[in-house]
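Here are some exercises on the empty spaces and the sheet of one protein. Try each task yourself before you read its solution.

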Amino acid sequence: MHENLLLPGPERDSMYAAHPVVCNAVQIATAPVIEAERAVRAAVLHRDPGTYFLGEPRMGKTTTIEMIESVMPQTFPGVPVFDLIAKTHQHQNEKIFYGDLLTDLDQTPGPNVKMAERRNQLLNHVIANCRTVLSDRAILFVDEGQNWGECEYEWMRDLTNDWRKRDVVCVTIVFAHPNLENNVKVRFVRRNRSDLTGRYLISRHTFRGLSNLAELRDSFEAYDNPKRHQFPHGSGICYSRFFFPKAFDGGWRLRDEAEVAWSLFSAYSKPAERSCASIGMQWVSAAVRNFIFAANDPIQPDARGRLWTEAIRAAVYDAMS
């Protein structure tokens, strides 16, 4: 039945519009993602404070949080998982801060709810989630951690202290731009704020991009393997075959394109003075999507170099420094 999706028609058109590649929603467990998940798992297992990840833009930090968060229920059954986005405001205060956190937890407060009420609502929401499942732990992911300053981390510290008083240990994992270390942590150290560095910024991890041809080839292979990714769910149709059924059935695989793509990523890295040892997954996904949209089925071998050149250029990899 699902084979009909490989033939032109309204059913395929509907699935095409909803495909993760088309919707820019591909999530691949690359080597950097697996490394990050292992580090998070260890931090949660041992309830270690101060785990944080630094990554340049377009490395895929937000997507990685989503992927790690999705496997936490299997890794730590019954442990509630929350995620927040650290926001910056021209005039930050506690009321705004707690409002931001509540909104991220789908608990948006009314505009007239006072600061103390917002704080209590936040405290009680996390505690209630933990007690419902009889958990003495909660996992909290903070994205864009460089946006918070001393006040925000103080307020977060006080929240976690109050949760601990109620027998809930909140393991906080921060993902951020390197400015978290260059600016925020530097200020903490200068001001002797070991109470904040010790709580949030002890164990530093670098969230990197793909670092070699083998890792790029593995990420491409994820498009070829229905056990890793298929669409629609249960169809057995991998991403590569969905878009190029003739080429795929004839033996072509996206993983075979990795060498050409890697050589072009390397070529574009040099004039931009960027290391090809860390290609962000957002660039890779964009390049693959551009290639898929531009190539014909079956793929013409003599067009591969041109297609990948245009695909990587359209991903603005050569323009980013």
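A cavity is a set of grid points where a 1.4 Å probe fits but cannot get out, and its volume is the space filled by probe spheres set on those points. Keep in mind that this is a predicted model.

**Exercise 1.** Describe the second largest cavity: its volume, its lining and the character of that lining.

Solution.
- Step 1: the second largest cavity holds about 30 Å³ of space.
- Step 2: look at its walls, where you will find Tyr223, Tyr239, Ser240, Phe243, Phe244, Trp252, Leu254 and Ile292.
- Step 3: helix 10 (residues 239-243) contributes the most to this lining, with three residues.
- Step 4: sort the lining residues, and you get seven nonpolar, one polar and no charged.

**Exercise 2.** Now do the same for the largest cavity.

Solution.
- Step 1: the space in the largest cavity is about 50 Å³.
- Step 2: its lining includes Phe82, Leu84, Trp163 and Cys170.
- Step 3: strand 2 (81-85), helix 5 (115-132) and helix 6 (150-165) each give two or more residues to this lining.
- Step 4: sorting gives ten nonpolar, no polar and no charged residues.

**Exercise 3.** Work out how the strands of the sheet are arranged.

Solution.
- Step 1: the open sheet has five strands in the order 2-3-4-1-5, with parallel pairing.
- Step 2: strand 2 and strand 5 (203-206) are the edges, each pairing on one side only.
- Step 3: from one strand to the next, the twist averages 20°.
- Step 4: strand 1 (residues 51-54) pairs with strand 5 over four bridges, and Tyr52 has Arg204 of strand 5 as its bridge partner.

Terms used. Residues numbered from 1 in each chain as written. Predicted model: local features only at pLDDT ≥ 70, side-chain atom pairs only at ≥ 80, totals over all residues. Heavy atoms only, no water. 1 Å grid on protein atoms, 1.4 Å probe; cavity = no way out; pocket = protein on both sides within 12 Å on 5 of 7 lines; lining within 4 Å. Nonpolar A, V, L, I, M, F, W, Y, C, P; charged D, E, K, R; others polar. Pairing = 2+ DSSP bridges. Axes fitted to C-alpha atoms, helices over the stretch in contact; angles between N-to-C directions.
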